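This report describes the fold of a single protein chain, moving from overall composition to individual helices and one chosen residue. Please read it alongside the sequence and coordinates.

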Amino acid sequence: MGFMDKVKGMIGQHGDKVQQGLDKAAKMADSKTKGKYSGQIQSGTRKAKDAAEKLAEDKKKDGGDGQGGRGQSGS
């Protein structure tokens, strides 16, 4: 199992927590910059969420087992 397979698996299992973490990081960054970069932070957060959703979808397409659709036997 490669690194990206592990990432896809984790995002697939914990997608809601990933989304919450991105929101929390964005809020903190916006607070620290006093709103100066709100547009860029929102854009980056949106792109990160879209990428996370895409990775989760890719995992489902690969068979949802983290094995690239090969199942437990690896064949």
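The account below begins with the chain as a whole and then turns to its helices.

The model is predicted, and its protein chain contains two helices and zero strands. Buried residues make up 19% of the 75 residues in the chain, while the exposed surface comes to about 5,600 Å², with carbon and sulfur atoms supplying 54% of that area. Where contacts link residues at least 6 apart in sequence, 58% of them join residues at least 24 apart.

Helix H1 spans residues 3-32 and holds 30 residues, yet its end C-alpha atoms lie only 32 Å apart, short of the 44 Å that a straight helix would reach at 1.5 Å a residue. A bend of about 90° is found in H1 at His-14, and H1 is followed by Lys-34, which has a positive phi near 55°. The buried residues of H1 are Lys-8, Gly-9, Ile-11, Gln-19 and Ala-26, and H2 is included in what covers them.

The two helices have these residue ranges:

| Helix | Residues |
|---|---|
| H1 | residues 3-32 |
| H2 | residues 38-61 |

Within helix H2 sits Thr-45; is this residue buried or exposed? Thr-45 counts as buried because its relative accessibility is 13%, which falls under the 20% cut-off for that class. Leaving aside residues up to four places away in sequence, Thr-45 touches Leu-22, Asp-23 and Ala-26, and of these Ala-26 is listed among the buried residues of H1.

Notes
Residues are numbered from 1 along each chain as its sequence is written. This is a predicted model: local features need pLDDT of at least 70, side-chain atom pairs count only at pLDDT 80 or more; totals for chains, interfaces and linings use all residues. Side-chain values use heavy atoms; hydrogens and water are left out. Helices (H or I, at least four residues) and strands (E, at least two) are DSSP runs, numbered from the N terminus. Buried means under 20% relative accessible area, exposed over 50%, partly exposed in between (1.4 Å probe, protein chains only). Contact means heavy atoms within 4.5 Å. Accessible areas come from the Shrake-Rupley method with a 1.4 Å probe; for residues, only the protein chains shown count as cover. The expected span of a helix is 1.5 Å times one less than its number of residues. The bend at a residue is the angle between axes fitted to the seven residues ending there and the seven starting there.
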